[in-house]
Structures are given as C-alpha cells and as structure tokens.
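Here are some notes for a first look at this structure. Please read them with the model open beside you.

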Amino acid sequence: MTGAVGKWSRSRTGLGLPLGLWGLTRIILLLLVFKVVVIPGPDITFDIEDIYQGWYEVLRTGTYPLDDVTWQYPPAAAFAILAPGLLPFLGYSAAFFVLAFLCDALVFGLLVHTGRRAGRTMRGAWIWIAGVALLGPTAYARYDVMVTAVAVAALLAAGRSPRVLGALAGFGAVLKVWPVLLLAGTPKGRATFRAWPTAVGAAAAVLLFCVLWMPGALAFLSFQRDRGTEVESLGSMVFHVARHFGWDGEARMNYGSIEFLGPYVSTVSTAAMVLTFVAFGWLLLWRFKARRFTSSTVADAAFVAVLLFTTTSRVLSPQYMLWLVGLAAVCLAYRASRMERPVHLIVWATAVTQFEFPVWFSHVTRSDPLGVAVLFTRNGLLIAATVMACRILWRQTVTEPRLAEIAKVPAQASEPEREKALSGTF
C-alpha cells in the first residue's frame, strides 16, 4: 500500500511542471485573444469577429456562403464555424476562443495520457506546450486547433484501432482536407484494409450529409482553385527578391489573404503545384518501397506527408504551423520515433512564424530587409525540416530493412558450404 501511494505521489509530482507551464502559457494566450494584452501587428482576431461570424450568420439561414470567395473550406468546416453557438451565454468571439482552448486542452490531455504508457514518452506533451505557445494568439484565432485535435486523436488511436484512425481521418478530410494524409503510413495489409475503406466511408457519409443539409456545400472548390501565391509561401520568396530588382507586381488582399499579383505569378503558382505533385509521387514511391513499420511509422509518415504538402503549397498561412506542431508532438510521443531533429526545427520555425505574423507582417508585405529575413528564416527551417524528415523516414523504413536482408544472404549461403566441409565432400 505504501509503495502504491508513493508511486501515485511521484506520478502527480511529475505532472506538476507540464501542467503548470501549459496553464501559464494558455492564460497568456487567452489574455492576447481577448485583447487584455495587445501585441504589435494586425489584429489577429479579425477573422473571428468579421469573417467567421459573418459565415456563422449566413450558415444559420440554411445555406453555405455561396457569394463569398473567402469561403475556401470543405463543407464540414461549417461545424466548426457554427460550434460557438453551443455557448449562447457568450458572444461569438468569446465562445470561439473558449472552444479553441478546450481543444488545446484535449490535445494536451491525450498526449499526457499517451506519454505515460509503455514505449511512449512525455516529449510529445512538451512539444505541444512549446509549439502552441510560440505560435501565439493565432493558435486560438483560427479553427485549425479543432482540426488538429481530430488529427492527434486519430494518430494516437492508430495502434489500437485502424478503423478509428480511418473514421477520424475521413471526417478530418471533410473538415480541412489535410487529415487525409494521416493514412499515408498505415502498415501494409490488415491495418490499411481496415483504415482506408473506413476513411472513405466516413468522408462520403459526412460529405453526403453536408450536401443534403444545405445548398452550396461544394462551392469551396472553385474558390480554392483560383487562389494565387500568398506572400508567406515558398514560391513568394521569388517575388520578395524580385521586387528589389524592378519587378512591377504588387502584394494585396486577394481571395481572403495577401497575395502577389503581377507578371510571372501564375508561372510560380504552377511551379508550386508541380512541386506538390512531385511530393505526392515521392510519397507513393516511399509507400511502395517501405518494408518495416514500427510503432511510430504512422505518425512519422503523417508528419512527413503534411510537411511536404505544406512546404510546397501556394498558400502557407501561419496557422498551418499548428498542424505540424500537433503531428510533431505525436511523433515524439513514441520512443521509436527518430524525428527529434526535424521536430525541433519545426518548433523553431513556429517561433519565427509569430514574428512573421503578426508582429512584423507589415515588413513582410513590403518585402523590406527585415520582412525578407524573417520569412526566409522561417521557410528555410521548413525546407530543412522537410528534407531531414524525408531522409529519416526513408532510412528507417526502406534502407535499413534492405541492408539487413542483404546481410543475411551470405550467412544463409554459407550453410551448405559448411555442411560440405564437415562431411568431407567439399
């Protein structure tokens, strides 16, 4: 009995520091989104107070925002936009921030629970604490924290139930597309045959519900197709430099974000899409070549897949970093994962992102030396993390198993020779 009490006491003591730091950093985030404390740069709550709330009012009338080009999200996003209505005693913005906080708490709780199991570690919970805090108030001012909560829950369930992984990934795909990439690393065979059809079924069911629920469920497809090169993306770096050499384009609001408009923008946007297809091809090749799947492979592959598609995208909004932080946290929740170095690069990139937006966003849109420096630093860290994570995943699942198989061949081939030698017939 005394030993059990002592173990329980040590367990509580071990949780004190992460719980305390999570609580402290989240209080600061709430102070920021409620504008008790204001940081420099544009108002990060604008999207909630004007755009999201405007969509909320339209959705309540029984239709999707058919005439608003900023509605570029899959139909299940309506659930997130309407969710603050569950707290009618609060204003829309306040209710949204409270729900974002609760989703953050859910992810933290899942990572802590997972980190205390055999073969797992608390590193994931620490990455989540740091990453969300370093991203700043943007983490609570977009609905991406809700999508990330679905993705984290899906990956943590993968080892016990591929069908749960599939169901949550399918739902997440209709919520914001990228969670479909969570399925990239499911082990070949039974796990894949359970997860992938379940994902398709869940996505189809949710999509059908949304189509029957309100008109305009698929309007986002044309709005998303017409987007250009956002000033924060990898491709935008070409124009940030070109502006200093006489390029006569401009950066202005277009389709809900600041984009570059002018000569050669369509060419760079096309090149970004080609890079995305190349990334998809690499992912398919890896999937075909992979020979060994460890306990962390599902999370590692999801992290790599989202890194590839985020880095090559025409649009790289600051809230996208929250996806990477969530997946990075799940990776490091497994002792088997080797993603520690790229995960740390993502944490650093997230810290730089808060300076890129909102603190120095005006410098970024002007392409002045400070803006170019901070953007190139963030994107450089993302590129480095992507290349490193791809190499680690390939080495662990393709190269090392192949070398291990090659090493076994001489030993097997020498057995008949050894038998001949012993029998005297060699």
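In what order do the three strands of the open sheet lie, and is the pairing parallel or antiparallel?

1. The sheet. The model is predicted. Its three strands run in the order β1-β3-β2 and form an open sheet with antiparallel pairing. The edges are β1 (229-230) and β2 (250-254), each of which pairs on one side only. In general, strands of a sheet pair through backbone hydrogen bonds.

2. The β1 and β3 pair. Strand β3 covers residues 257-261 and is joined to β1 by two bridges. The two strands run antiparallel. Look for glutamate 230: its bridge partner in β3 is glutamate 259.

3. Helix α5. This helix spans residues 123-135, 13 residues in total. From first C-alpha to last it reaches 18 Å, close to the 18 Å expected at 1.5 Å a residue. Its buried residues include Trp128, Ile129 and Val132. Gly124, Ala125, Ile127, Gly131 and Leu135 are buried in α5 too. After the helix comes glycine 136, with a positive phi near 85 degrees.

4. Arginine 26. This residue is found in helix α1, residues 2-33. Is arginine 26 buried or exposed? Arginine 26 counts as buried because its relative accessible area is 0%, below the 20% cut-off. Neighbours within four places in sequence are left aside here. Beyond them, arginine 26 is in contact with Trp128, Ile129, Val132 and Ala133. Phe101, Asp104 and Tyr140 are also in contact with arginine 26. Trp128, Ile129 and Val132 appear among the buried residues of α5.

5. Helix α13. Residues 320-332 make up this helix, which has 13 residues. Its reach from first C-alpha to last is 19 Å, close to the 18 Å expected at 1.5 Å a residue. How many residues of α13 are buried? The count is 13 of its 13 residues, so the helix is mostly covered.

6. Salt bridges. The model has 13 salt bridges. One of them links arginine 378 to glutamate 356, with the closest N and O atoms 3.4 Å apart. Arginine 378 lies in helix α16 (residues 369-423) and glutamate 356 in helix α14 (residues 340-359), so the pair ties together parts that are 22 residues apart in sequence. Both arginine 378 and glutamate 356 are buried.

7. Two further pairs. Glutamate 57 forms a salt bridge with arginine 60, and their closest N and O atoms are 3.8 Å apart. Glutamate 57 is partly exposed, at 40% relative accessibility. Arginine 60 is exposed, with a relative accessible area of 55%. Aspartate 368 forms a salt bridge with arginine 366, at 3.3 Å between the closest N and O atoms. Aspartate 368 is buried, at 16% relative accessible area. Arginine 366 is partly exposed, at 48%. Elsewhere, Lys35, Asp43 and Glu49 are joined into one network by salt bridges that share partners.

8. Asparagine 379. Helix α16 holds this residue. Asparagine 379 is buried, with a relative accessible area of 1%. Which residues is asparagine 379 in contact with, leaving aside its neighbours within four places in sequence? They are Glu232, Ser233, Leu234, Met237 and Leu316.

Note on methods
Residues are numbered from 1 along each chain as its sequence is written. This is a predicted model: local features need pLDDT of at least 70, side-chain atom pairs count only at pLDDT 80 or more; totals for chains, interfaces and linings use all residues. Side-chain values use heavy atoms; hydrogens and water are left out. Helices (H or I, at least four residues) and strands (E, at least two) are DSSP runs, numbered from the N terminus. The expected span of a helix is 1.5 Å times one less than its number of residues. Buried means under 20% relative accessible area, exposed over 50%, partly exposed in between (1.4 Å probe, protein chains only). Contact means heavy atoms within 4.5 Å. Two strands pair if DSSP finds at least two bridges between them. A salt bridge is a side-chain nitrogen of Lys or Arg within 4 Å of a carboxyl oxygen of Asp or Glu.
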